[in-house]
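Biologist: I am new to this structure and would like a close look at a single part of it, explained slowly and set against the rest of the chain.

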Amino acid sequence: MSLSVGFIVRIVTRSKPATVRAMSSLWEKQTSSLNLGKGHPKLSLLDVETISAAVQDIAKDGSKAPWTMQYGSGRGPQAMLDAATMWMSEWGRSRDLSSDRILVTTGASAALNMICAIFTKPGDVVVVEKPSYFLAYGIFNEHNLKIVEVDTDEDGMDLDKFEELLQDGLKPSLVYTVPICSNPKGTSMSAERGARLVHMSRQYGFKIASDEVYFFLQFEDLKMEKSLAEEDDPTNPTVLAMHSMSKTLGPGVRVGWIDAHPTLIDKLTTFGPVVSGGCQSHFMASVVAQILLEGRKPLLDKFRTSYQAGAVALTTALDKYLPNVLRGASFRYFKPRGGYFVWVELPQEIDTNELVKLADEKHGVFFFKGSAFCVDGKSFSSYLRLCFAFLEPHEIDQGVKRLANAIEDYSSRIVS
């Protein structure tokens, strides 16, 4: 297989989990710094009372309540299948949508693990965007898959380069993409590229694991991008769209779903843990269904309004503080279309692998370094990912001010 088009192919070996564990431990990082790295919802949005009320409502129905505690159907409780269908329909997902396309999961990561188990085998190739969600690498490692990275721009994966590699003989089983408000860039794949990618999947015979956890967090004043499932062909389906309530209800809830053609859903129900135990989150899926069917839009609006205010605070602060310390040197970021993140490119002489240590230890601010979002851990050394979902706007402003001070400090050290 020729690699003349300049792609990087790397096998994630058993030495790689140490790197993955080191990065995943950052979720639990205890720091007094303002944490602009953590991609979590802010605590003030996590509505325990809504969960409690839904549980109480279920408990009032003495004939049905015990069944929510029983083993459930492998696809999930019918109420959750219906709720997911209604939820997606209200936000633009329409073509061929029905509850028989839904399988309940414990979130997008579990969904990706299930997809890899059913639709790949050890030694197969998975194609990912570069940069991409770094914790997906650990899942691919567990299935002994080879990772091929394809560069991206503001409109998503560079499909011309990808097709060159396919024509050179690459035969992936799976493409993993975050097409809407991507992690880490915050940008969305254009409709034209989305349609082309799905067409290519049929032409070259691979499945698409479309990580759409930010689908419902697109900002209302911008064009809403559609799910890749809208482009699928029911006569030759290839798209498995993964959704999660982690971003719009709380990650501890552990409820999500896969939206795919019924023939693909049927294959997923052969996943060993589903055959053995049924739906992986039967009780909580029943609780989430109760919430969604009773009061969907106000719940979503609360999160989107908060995150959009955070995005404005973050981009405003970047424009306010960074030019002063970079002294004419350029920096760049993509304005987020929704989701959680902003991807910032600093001047090449600033190594964010070193900057993050200085920022955390001396200046009281933490972020995720860009090199975490590629397979080799070496690319994007002048990039960083910032999250606007976890902190309040005034904390975001203060955090970026501290980041600017850290950049100034770092720049003075490399000059001297």
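Where is the place of Pro 131? Please start from there and tell me what surrounds that part.

Modeller: Everything I describe comes from a predicted model. Pro 131 has its place in the loop between strand 4 and helix 5, and the peptide bond that leads into this proline from Lys 130 is cis, with omega near 5°.

That loop also carries an aromatic residue, and a pair of aromatic rings is described by the distance of the centres and the angle of the planes. For Phe 134 and Phe 368 the ring centres are 5.7 Å apart and the planes stand at 65°, which is over the 60 degrees required, so this pair is edge-to-face. Since Phe 134 belongs to the loop between strand 4 (125-130) and helix 5 (136-142), while Phe 368 belongs to strand 14 (residues 368-369), the pair ties together parts that are 234 residues apart in sequence. Phe 134 and Phe 368 are both buried.

The two phenylalanines also belong to a wider group, for ring pairs link Tyr 133, Phe 134, Trp 343, Phe 366, Phe 368, Phe 373, Phe 380 and Tyr 383 into a cluster. In the whole protein the count of aromatic pairs comes to 20.

Another of these pairs is formed by Tyr 307 and Tyr 340, whose ring centres lie 5.1 Å apart with planes at 70°, so this pair is edge-to-face. Tyr 307 sits in helix 10 (residues 282-326) and Tyr 340 in the loop between strand 11 (332-333) and strand 12 (341-345), so the contact of their rings ties together parts that are 33 residues apart in sequence. Tyr 307 counts as buried because its relative accessibility is 0%, under the 20% limit, and Tyr 340 is likewise buried, with a relative accessible area of 0%.

Strand 4, which ends where the loop of Pro 131 begins, leads to a further place in the model. Val 128 and Ala 209 are 81 residues apart in sequence, yet their C-alpha atoms are 9.9 Å apart in space. Ala 209 lies in strand 8 (residues 207-211) and is buried, with a relative accessible area of 0%. Leaving aside residues up to four places away in sequence, Ala 209 touches Leu 112, Ile 115, Leu 174, Val 175, Tyr 176, Thr 177, Leu 240 and Met 242.

The cis bond before Pro 131 has a counterpart elsewhere, as Asn 183 and Pro 184 are also joined by a cis peptide bond, here with omega of about 20°. Pro 184 is found in the loop between strand 7 (174-177) and helix 7 (191-204).

Other loops show backbone features of another kind. Arg 254 has a positive phi of about 55° although it is not a glycine, and this arginine lies in the loop between strand 9 (239-244) and strand 10 (256-260). With a relative accessible area of 36%, Arg 254 is partly exposed. Arg 327, also not a glycine, has a positive phi of about 50°; Arg 327 is found in the loop between helix 10 and strand 11 and is exposed, with a relative accessible area of 61%.

A charged residue in a loop can be placed in the same way. Lys 42 is found in the loop between strand 2 (34-35) and helix 2 (48-60), and at 4% relative accessibility Lys 42 counts as buried. Beyond residues up to four places away in sequence, Lys 42 touches Ser 306, Ala 389, Phe 390, Leu 391, Glu 392 and Pro 393.

To set these parts in the whole, the secondary structure of the protein comes to 12 helices and 15 strands. The radius of gyration is 21 Å, close to the 22 Å that the globule rule gives for 416 residues, so the protein is as compact as a globular protein of that length. Of the 416 residues, 57% count as buried, and among contacts with a separation of 6 or more, 77% are between residues 24 or more positions apart. The protein also has 45 positive and 49 negative side chains, and the centres of these two sets lie 3 Å apart.

Note on methods. Residues numbered from 1 in each chain as written. Predicted model: local features only at pLDDT ≥ 70, side-chain atom pairs only at ≥ 80, totals over all residues. Heavy atoms only, no water. Phe/Tyr/Trp six-rings, centres within 6.5 Å; stacked < 30°, edge-to-face > 60°. Helix = DSSP H or I, 4+ residues; strand = E, 2+ residues; numbered from the N terminus. Buried < 20%, exposed > 50% of the residue type's maximum accessible area, 1.4 Å probe, protein only. Contact = heavy atoms within 4.5 Å. Rg over C-alpha atoms; globule rule 2.2 N^0.38 Å. Lys, Arg positive; Asp, Glu negative; His and termini not counted. Charge placed at Lys NZ, Arg CZ, Asp CG, Glu CD.
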